[in-house]
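Me: I would like to go through this protein structure step by step. Could you help me read it?

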Amino acid sequence: MTTAKPQISLYNTLTRSKAPFVPMDATNVRLYACGPTVYDFAHIGNGRAAIVFDLLFRVLRHVYGPEHVTYVRNITDVDDKINARALRDHPDLPLNEAIRKVTETTAAQYQKDVAALGCLEPSVQPRATENIDEMQAMIGALIARGHAYAAGGEVLFRTRSMPDYGQLSGRNLEDNLAGARIAVDAHKEDPADFVLWKLSSPEEPGWDSPWGRGRPGWHIECSAMSERYLGKTFDIHGGGLDLIFPHHENEIAQSRCAHGSHAMANVWMHNGFLMVEGQKMSKSLGNFFTIHQLLETEDFGGRKWPGEVLRLAMLMTSYREPIDFTVRRLEEALTLLERWERAAGDAAPAAQLSSDLVERLVDDLDTPAVINRIHTLILEEGRAADGLALAALMGITVKRDVAVDDTVATQIAARLAALNAKDFAEADRIRNDLAEQGIALMDYKDEAGQRQTKWEVKR
């Protein structure tokens, strides 16, 4: 007897509505997500996007089978910020070599960071610099179709040539121009026209082309790479909310006009913004944190945060909603994970998940509801195996490295009593004993000002 596939429903930014997801080909479901620009360590906002579309990848694989899903996440390795970093760090190398040296290091760090967040490797991770021929071919097609023109040392997209330009963002050309940060150059036919190819100076990286030695604009990169690996039209395109305009809007324009197609992707998905302790994340405010910092340093909240805690903290909010990323949120995720670990004991994840257990996850990735369901399964219904399997589907491994029994709890209580009695030598001895068992302690004061202790299993 065959079991019916769970029906996935997704919110589509293009239509502003949620609808059942129907792939173009159920044996070849295709997903593209904009990846990092690898000029520096990835920040936690990049981490959220990686987690969201990794989760979608996992859900698609669960429903359609791993062999029937292709996930492409690109690496942007040609960019003005990369150029500047290459000139700073490797001034003696030819710039094309210097940017490769910079991006090899930062791309490797990105892969390590997102793997620690529980992200699977995408099916393909193309680099922009390895798809220059594809970009030039698409630019040539746009010129031939009358959608692009060469002027002032650049090749530009002719936005007025696309009657329905602006559908994704819901902004027409006049809206886009009002107060927008658009460079108005004399060689442009229209201020809204954007760059497909720009000439490079001798000090800048460049590739030979019919329009002179130059480099691609940002938007053309994703259009060319998605076409190469997923086709002219594919199922789902994802990215952060900040990419809707201009990046994704311009991707759609390039791809549709180059191919004469009705769509680039049928479903567009965007994850919400991320704030840090109630403020927009920025280096000037000193609240700019990289994934690496959170994993490996004590810069945020005075401690390191395991990758599964960071992932769970992100998934506690719906992917489309903004997140206020706080120390308290991470502490809540850590506490929740520890409760699951204690209650699950030696249970192993179930081999299969019934469709009723994944119904909220396939409903536009309703992760808050799924987390509540996991909690109920493990702590209230005595179905730890199902809860662990559902957590695993979300990319969260609930594991128990040591057993914290009554004896250990007694040790923690004894240390707290020693601290209150100012017997710091005894308190340190107990802390060290517990550390040898793989248990880390965290001291804090409750709302009444009383000293308390939290603990976690070192992972």
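Reply: The turns below cover domains, cysteines and helices.

Reply: This is a predicted model, in which local features need pLDDT of at least 70 and side-chain atom pairs count only at pLDDT 80 or more, while totals for chains, interfaces and linings use all residues. Residues are numbered from 1 along each chain as its sequence is written, and side-chain values use heavy atoms, with hydrogens and water left out.

Me: Into which domains is the chain divided?
Reply: The chain is split into domain 1 (9–271), domain 2 (274–394) and domain 3 (406–457). Such bounds come from an automatic or database domain assignment.

Me: What distance separates the centres of domain 1 and domain 3?
Reply: Taken over C-alpha atoms, these centres lie 51 Å apart.

Me: New topic: how many disulfides does the count give?
Reply: The count is zero, where a disulfide is a pair of cysteine sulfur atoms within 2.5 Å.

Me: Why is there no bond between Cys 34 and Cys 222?
Reply: The closest cysteine sulfur to that of Cys 34 belongs to Cys 222, but the two are 3.9 Å apart, which is too far for a bond.

Me: And where does Cys 119 stand?
Reply: Cys 119 is in no disulfide, and its nearest cysteine sulfur, in Cys 34, is 16 Å away.

Me: Is Cys 119 buried or exposed?
Reply: Cys 119 counts as buried because its relative accessibility is 11%. Buried means under 20% relative accessible area, exposed means over 50%, and partly exposed lies in between (1.4 Å probe, protein chains only). Cys 34, at 16%, is also buried.

Me: On to helices: at what angle do helix 2 and helix 3 pack?
Reply: Helix 2 (residues 80–89) and helix 3 (residues 95–116) pack at about 100 degrees, with axes 8 Å apart. Helices (H or I, at least four residues) are DSSP runs numbered from the N terminus. Axes are lines fitted to C-alpha atoms over the stretch in contact, and angles run from 0 to 180 degrees between N-to-C directions. The two helices are therefore roughly perpendicular, a label for angles of 65 to 115 degrees.

Me: Which residues meet there?
Reply: Ile 82, Asn 83, Arg 85, Ala 86 and Leu 87 in helix 2 meet Leu 95, Ala 98, Ile 99, Val 102 and Thr 103 in helix 3. Contact means heavy atoms within 4.5 Å.

Me: How many residues of helix 9 are buried?
Reply: Nine of the nine residues in helix 9 (residues 307–315) are buried, including Glu 308 and Arg 311.

Conventions: Angles under 35 degrees count as roughly parallel, over 145 as roughly antiparallel, 65 to 115 as roughly perpendicular and the rest as oblique.
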